[in-house]
Structures are given as C-alpha cells and as structure tokens.
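Colleague: I'm new to this one. Could you take a close look at a single strand and what surrounds it?

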Amino acid sequence: MAATLCLRLLPQQGWLPLTQSVRHGSKAVTRHRKPVHILRQKLMAVTKYIPPTRLVPPGAYPSQTSRVQEQESPFALILKKALQKLFQECRMLAVVQNSASNAEDMMMLKYRLHKHGIRVKFFPNKVVRSFLNDSVYSNMAPLFSGPTVMFVSEEPKVKEMLKTLRSSPQMTLLGACIDDTLLSVDGLVSYSKLPSVSVAQGQLVSGLTMLTSHTASLLQRHPAYLSALLQQHVKQLSPDAAGPAAAAEEEAT
C-alpha cells in the first residue's frame with residue numbers, strides 16, 4: 001500500500017513541473033548619462049569660464065606660493081654649532097669616503113691619526129650640507145655624498161694623513177679645506193711635498209745673507225776695481241757697444 005502511494009506521488013521520468021521561474025528582460029544599467037535639455041546645454045555653454053590670456057610666459061616670475069620650511073630639530077642645531085666651531089678652530093678639514101670599514105679598522109685608524117694630532121669626526125650628510133650651503137664653504141657640499149667621515153686638525157698635517165691612509169685601502173680621500181682653500185687629491189699631494197715653514201724661512205734667510213755678504217765683499221775691494229766694473233756694465237748697456245759685441249760673437253762662431 002505504502003509503496004503504491006510513493007510511486008503515485010513521485011514524478012515520472014521526463015515529467016516537468018507545471019510552474020517554472022523564467023526571468024524576462026536584462027539587467028538594469030545605471031551607467032548611461034542622462035540626457036541634458038537643450039536649454040540647459042546652451043546656458044552652460046554661455047556661462048562657461050574662459051581664463052584670460054597671460055601677458056608673460058609661465059615661469060617668468062617666481063611662484064607666489066610661499067614654501068613652508070621645515071623646522072630643524074634641536075639636535076641638528078647643536079651639530080651645526082659644532083661644525084661652525086670646527087671650521088673656525090681647525091686649519092685642515094679633510095673629507096674621506098668610508099667604503100665598508102669595520103669597527104676594528106676604524107679604531108686602528110683613529111689611533112694612528114691621533115698620534116699626529118688628527119681627529120676623526122662623524123656628522124650626518126644632511127646636516128653638513130645644510131650648514132655648508134649657508135656658509136662660505138659651499139663648494140665643499142658635493143663631497144658629502146654617501147658614507148663620509150671628516151679628518152680635522154688644528155695644523156695642516158697633510159703628509160702624515162696621506163701616509164696613514166695608505167695603510168687603509170677602504171678609506172678614500174675626496175678633498176680637503178686647508179687655510180680656507182679647497183684642495184683636490186692632487187692638490188693635497190702637491191701640498192705635502194712643500195717644505196715646512198721653518199725650512200722655507202731658513203732658505204730665505206740664507207739667500208738674503210748670501211746677497212748681503214756678496215755686496216759687502218764687493219764694497220770692501222779697491223775703488224778702482226769697483227769703478228772699472230761699473231764702466232764695463234755701462235758699456236754693455238749702451239747701444240753703441242751692442243753692435244761690436246754682436247760682430248765679435250759672430251766672428252767667434
């Protein structure tokens with residue numbers, strides 16, 4: 001009995017339901033622009049803003065918009081004061097590029113330079129460039145690019161610095177400022193070959209002493225010998241004596 005009822009209630013093979021949900025039409029599209037009335041189009045065309053023509057080309061005058069400068073931090077101001085003090089007290093300020101130098105090599109380099117009175121200073125490049133742009137040392141600003149350090153000393157000890165840098169290949173010398181003069185690497189090498197101040201003073205004193213001694217010995221001789229020398233000098237300078245002298249030289253040749 002139950003099996004007979006189930007067979008009657010179950011749909012037969014190929015049987016379709018009487019009601020089906022069929023969707024007619026397409027999806028609603030809301031991206032179409034609404035048509036504008038012709039009067040509104042005319043009104044918008046009449047009231048459209050037309051900028052006036054510029055009398056001068058763009059860029060002829062500086063922009064009127066004021067640029068807001070970023071306020072420097074107190075730490076940057078302290079570093080600037082330290083840099084100003086260094087440039088006032090030290091006669092030699094060298095810029096060296098640090099190419100992957102470890103802490104041990106840097107410590108040994110500091111020790112070798114300290115024996116000659118040269119100190120190693122570290123400053124951020126941004127702070128150094130900001131300080132140099134507002135000072136008379138603005139030509140040094142391009143040297144501070146990448147990892148750089150400064151070698152400073154109260155006296156220009158270029159020869160000792162170059163000798164110390166030979167043992168540190170990872171440190172590359174870029175330039176230096178000595179006595180308010182910017183020097184390149186070649187200029188520093190030439191400066192290191194110059195004699196010291198004491199040697200130059202000794203050479204100058206010896207030259208002046210030799211001239212004075214020669215003049216004194218000449219004056220101490222007999223007046224006749226001195227007058228003969230002066231007459232010979234006058235004859236050599238006169239134009240009449242130039243011709244016979246030249247002829248005598250040609251005959252000798």
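Modeller: Here is a walk around strand β1 and the packing it takes part in. Keep in mind that this is a predicted model, where local features need pLDDT of at least 70, side-chain atom pairs count only at pLDDT 80 or more, and totals for chains, interfaces and linings use all residues. Residues are numbered from 1 along each chain as its sequence is written, and side-chain values use heavy atoms, with hydrogens and water left out.

β1 covers residues 92-98; strands here are DSSP E runs of at least two residues, helices are H or I runs of at least four, and both are numbered from the N terminus. Of the 7 residues in β1, 6 are buried, meaning under 20% relative accessible area with a 1.4 Å probe, protein chains only.

β1 has partners, where pairing takes at least two DSSP bridges between two strands. With β3 (residues 148-153) it runs antiparallel, joined by 6 bridges, and V96 sits opposite V149. With β4 (residues 171-178) the pairing is also antiparallel, over 7 bridges, and there V95 faces G175.

Now the packing. A nonpolar core is a set of buried Ala, Val, Leu, Ile, Met, Phe, Trp, Tyr and Cys residues joined through side-chain atoms within 4.5 Å. The largest one has 21 residues, and L83, F87, L132, M140 and F144 touch the most other members. β1 supplies at least two residues of this core, as do α3 (74-89), α5 (125-133) and β3. The largest share, 5 residues, comes from α3.

Terms used:
Buried < 20%, exposed > 50% of the residue type's maximum accessible area, 1.4 Å probe, protein only.
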